[in-house]
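Visitor: I would love a close look at one part of this protein, taken slowly and with its surroundings. Could you walk me through it?

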Amino acid sequence: MTEKKIRLKDTEDVLEFVKAAGKCDFEIDVCCNRAVIDAKSILGMFYIGLCKDLTIRYVGLNPCFEKTVSKYAVC
């Protein structure tokens, strides 16, 4: 399982992230405190809010998704 931290700062970031996640054939969970959201759900992603450190967890590999994740990665 891969686990990374990201931060989405605005609506455009969320839309790009959800679009990239939607192209993956594996599940991607986004965790924020106790909430666990499907990364492919635009409403779920807006529910957890912007400008927070989010943890994403997934098992699989998609070069397009990896590129998007690296764009929003937090150290």
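Visitor: Let me start with a single residue: is E66 buried or exposed, and what is its relative accessible area?

Guide: Happy to take you there, with one reminder before we begin: this is a predicted model. E66 has a relative accessible area of 19%, so E66 is buried; the cut-off for that class is under 20%. Its side chain meets that of K4 in a salt bridge, with 2.9 Å from N to O. E66 belongs to helix 3 and K4 to strand 1, so this pair ties together parts that lie 62 residues apart in sequence. K4, for its part, counts as partly exposed because its relative accessibility is 29%.

Helix 3, which covers residues 63-72, is a good place to linger. T68 sits in this helix and, at 7% relative accessibility, counts as buried. Setting aside residues up to four places away in sequence, T68 touches E16, F17 and A20. Two of those names lead us onward.

Take E16 to begin with. Its side chain and that of K71 meet in a salt bridge, 3.0 Å from N to O. Since E16 lies in helix 1 and K71 in helix 3, the pair ties together parts 55 residues apart in sequence. E16 counts as partly exposed at 30% relative accessibility, while K71, at 52%, counts as exposed.

Now for F17. Beyond its neighbours within four places in sequence, F17 is in contact with I6, L8, V30, A39, M45, I56, F65, T68 and V69. The largest nonpolar core has 22 residues, and F17, M45 and F65 are the ones that touch the most other members. At least two residues of this core come from each of helix 1 (11-22), strand 2 (28-32), helix 2, strand 4 (53-58) and helix 3. Helix 1 gives the most, with 5 residues. As background, nonpolar side chains in soluble globular proteins tend to be buried together.

Just past the helix, V74 lies in the segment after helix 3. With a relative accessible area of 24%, V74 is partly exposed. Leaving out neighbours within four places in sequence, its contacts are K5, I6, R7 and D53. V74 and D53 are 21 residues apart along the chain, and their C-alpha atoms are separated by 7.5 Å.

Strand 1 takes part in another salt bridge too. E3 pairs with R57, and their closest N and O atoms are 2.8 Å apart. This one links distant parts of the chain, E3 in strand 1 (residues 2-7) and R57 in strand 4, 54 residues apart. R57 counts as partly exposed, at 31% relative accessibility. The structure holds 4 salt bridges, including the ones we have visited.

Stepping back, the chain has 3 helices and 4 strands, running β-α-β-β-α-β-α from the N terminus on. Its radius of gyration is 11 Å, close to the 11 Å that the globule rule gives for 75 residues, so the chain is as compact as a globular protein of that length. Of those 75 residues, 39% count as buried. Among contacts between residues at least 6 apart in sequence, 67% join residues at least 24 apart. The pair we began with, E66 and K4, is 62 residues apart in sequence.

Key:
Residues numbered from 1 in each chain as written. Predicted model: local features only at pLDDT ≥ 70, side-chain atom pairs only at ≥ 80, totals over all residues. Heavy atoms only, no water. Buried < 20%, exposed > 50% of the residue type's maximum accessible area, 1.4 Å probe, protein only. Contact = heavy atoms within 4.5 Å. Core = buried A, V, L, I, M, F, W, Y, C linked by side-chain atoms within 4.5 Å. Rg over C-alpha atoms; globule rule 2.2 N^0.38 Å.
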